Amino acid sequence: MEREHQSLMNELVVLHDSGKYIAAEQLAYQILETQPTDSEVLYYLSRTLYMLDRNEEALDVGLQALSQAPADEWILFLLSEIHQDLHQWDEQAAYLEQCLRLDPEIADFHFAKAGNIINKFSLQFTIQFKMSQFIRPNFFSRPVINPHLLKSAEEAVQEIHLAIQLDPDVAEHHVKLGAIYFMLFRTEEAEQQYRHALQLEPQNAETNGSYAIFLLQENRVKEAREHCELALMFDPNQEIALMAKEQLHIYETQKEHFFRNLRRSYHLKTKVAPHAEHQLQFSKILLEEGKVQPIRQLKAYLRLMPEDLEVHLMYGKAHYDAKHYPTAYYYFKRLNRKWPGNPYIEGWLKELTQMSVAERNLVPFLKRCIILPVKLVIITLLKTLMFALSFYTIPKARRQQDAQLNRLV
């Protein structure tokens, strides 16, 4: 009898592990007819139902298994996974704490706890740049990261570090850690984690897709396209890779929309974490978009990195392209005193010197004293008109919605 039971159990495990869940469910119920309190059979039945997306049934059977083996950490972990799928974060956290008390040396437990911490605050582990719930606005200065959420994110980072220490060769751990670092605007550390994940699993579709999304947010489109193509070659249906492909399509067909979103994200990034690399990257994005000269961003970068000659030249050129000829002229003269004999600086000075005094000064005067004030007046009038119209259009739209609801009722 015992040998027959063990044979059926082995068959159940094979069916479950090979993904034949319908057959596994039928066999589990068959075994339970003679062994209704076997915690191992109940565990595999619960896990099978969970894999079939029948979470409520899986939860009931899992609780039965737990009643038979209350100190089994893997039953507790399964119950935490079911509660995660049901978006019951507090229940999931309680089961994970029990798992860690029973065995703190399991990497999966620490990794799941990190995910639970983030999920409880509605912060998804995605590479897309969505920080609206993570930022606390400060109307008197720059926005800051909400300290409560920052503390939680740091706790999640610690849990993933523990998971990596226990099992350093899991690429998914490094990808998720990279995603949290990216949420915290720690770009260099995020990229290190993505690259490490790729070293571990270079043919992993999800890892390549996640890195492609990260590169798109950094405006490194060529590299992003390469990793997106790799991801889709390994798995044509990989969700994150398809997301990257869609973003690349937007870049190719709707560049204005792509750059608008990128500009917004970097505007927020430079406000919250005004590091030199963020300012320089924001400047390059504005230059590539070609609508506004990144004078303010380059100036902010040079405050942090005053010895970067290449960016000094970019800053002077930005003033030139914005037709601020006197400012560009005196700026290059100042650079010439600091770096005498530099051929690029001397070339710009020669270019500006060849302009007539009237040309060098008249254009900025017209722009600042006539064109710009007129433009500001027109914009102000348009905004006032739109604000006035909103008092009429919004109630009208609401009345139409109410009428539609009344018809439906």
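Tutor: Welcome! Let's start with a term we will need: a residue is buried when its relative accessible area is under 20%, exposed when it is over 50%, and partly exposed in between. Keep in mind too that this is a predicted model.

Student: Happy to begin. How many helices and strands does the protein have?

Tutor: The protein has 409 residues, and 43% of them are buried. Of contacts between residues at least 6 apart in sequence, 55% join residues at least 24 apart. As for the secondary structure, the count is 20 helices and 2 strands.

Student: Which stretch with pLDDT below 50 has 0 contacts beyond near neighbours in sequence?

Tutor: Across the protein the average pLDDT is 82, and 81% of the residues score at least 70. Residues 123-133 stay under 50, yet the model gives them 37 contacts beyond four places in sequence. The stretch you ask about, also below 50 in pLDDT, is residues 404-409.

Student: How should I treat the coordinates where pLDDT is low?

Tutor: One stretch to keep in mind is residues 123-133, with pLDDT under 50. Where pLDDT is low, the predicted coordinates should not be read in detail.

Student: Now the interior. Which helix gives the most residues to the largest nonpolar core?

Tutor: That core has 47 residues, and those with the most contacts inside it are Ile 160, Ile 180, Tyr 194, Phe 214 and Phe 258. With 7 residues, the top contributor is helix 9.

Student: And how many residues are in the other core, the one with Leu 96 and Cys 99?

Tutor: It lies apart from the 47-residue core. Its members include Ile 31 and Ala 112 along with the two you named, and its size is 35 residues.

Student: Ala 112 reminds me of Gln 92. Is Gln 92 buried or exposed?

Tutor: Gln 92 sits in helix 6, residues 89-102. Leaving aside residues up to four places away in sequence, Gln 92 touches Ser 80, His 83, Gln 84, Ala 112 and Asn 116. Its relative accessible area is 1%, below the 20% cut-off, so Gln 92 is buried.

Student: Let's turn to the rings. Why does the pair of Phe 77 and Phe 109 count as tilted?

Tutor: The whole structure holds 18 aromatic pairs. In this one the ring centres are 5.1 Å apart. Planes under 30 degrees apart would be stacked and over 60 edge-to-face, so the pair is tilted because its angle is 45°.

Student: How far apart in sequence are the parts tied together by Phe 77 and Phe 109?

Tutor: Phe 77 belongs to helix 5 (residues 73-85) and Phe 109 to helix 7 (residues 107-120). Phe 77 is buried at 10% relative accessibility, and Phe 109 is buried at 0%. The separation in sequence is 32 residues.

Student: What is the angle between the planes of Phe 258 and Phe 259?

Tutor: Phe 258 and Phe 259 are both buried. Their rings form an edge-to-face pair, 5.6 Å from centre to centre, with the planes at 85°.

Student: Which Trp joins the cluster of ring pairs that has Tyr 315 and Phe 332 in it?

Tutor: Tyr 320, Tyr 325 and Tyr 331 are also linked into this cluster. The Trp that belongs with them is Trp 348.

Student: Some loop residues caught my eye. Asp 53 and Asn 219 both have positive phi, so which of them is buried?

Tutor: Most residues other than glycine have a negative phi. Asp 53, with phi near 65°, lies between helix 3 and helix 4, and Asn 219, with phi of about 60°, lies between helix 11 and helix 12. Asp 53 is exposed at 62% relative accessible area, whereas a value of 11% marks as buried Asn 219.

Student: What distance separates the C-alpha atoms of Phe 185 and Pro 274?

Tutor: Phe 185 is in the loop between helix 9 and helix 10, and it is buried at 1% relative accessibility. Phe 185 and Pro 274 are 89 residues apart along the chain, and their C-alpha atoms are separated by 9.5 Å.

Student: One last residue: what is the relative accessible area of Leu 242?

Tutor: Leu 242 is in helix 13, residues 239-253. Beyond four places in sequence, Leu 242 touches Leu 232, Pro 236 and Asn 237. Leu 242 counts as partly exposed because its value falls between 20% and 50%, at 38%.

Terms used:
Residues numbered from 1 in each chain as written. Predicted model: local features only at pLDDT ≥ 70, side-chain atom pairs only at ≥ 80, totals over all residues. Heavy atoms only, no water. Helix = DSSP H or I, 4+ residues; strand = E, 2+ residues; numbered from the N terminus. Buried < 20%, exposed > 50% of the residue type's maximum accessible area, 1.4 Å probe, protein only. Contact = heavy atoms within 4.5 Å. pLDDT = per-residue confidence, 0-100. Phe/Tyr/Trp six-rings, centres within 6.5 Å; stacked < 30°, edge-to-face > 60°. Core = buried A, V, L, I, M, F, W, Y, C linked by side-chain atoms within 4.5 Å.
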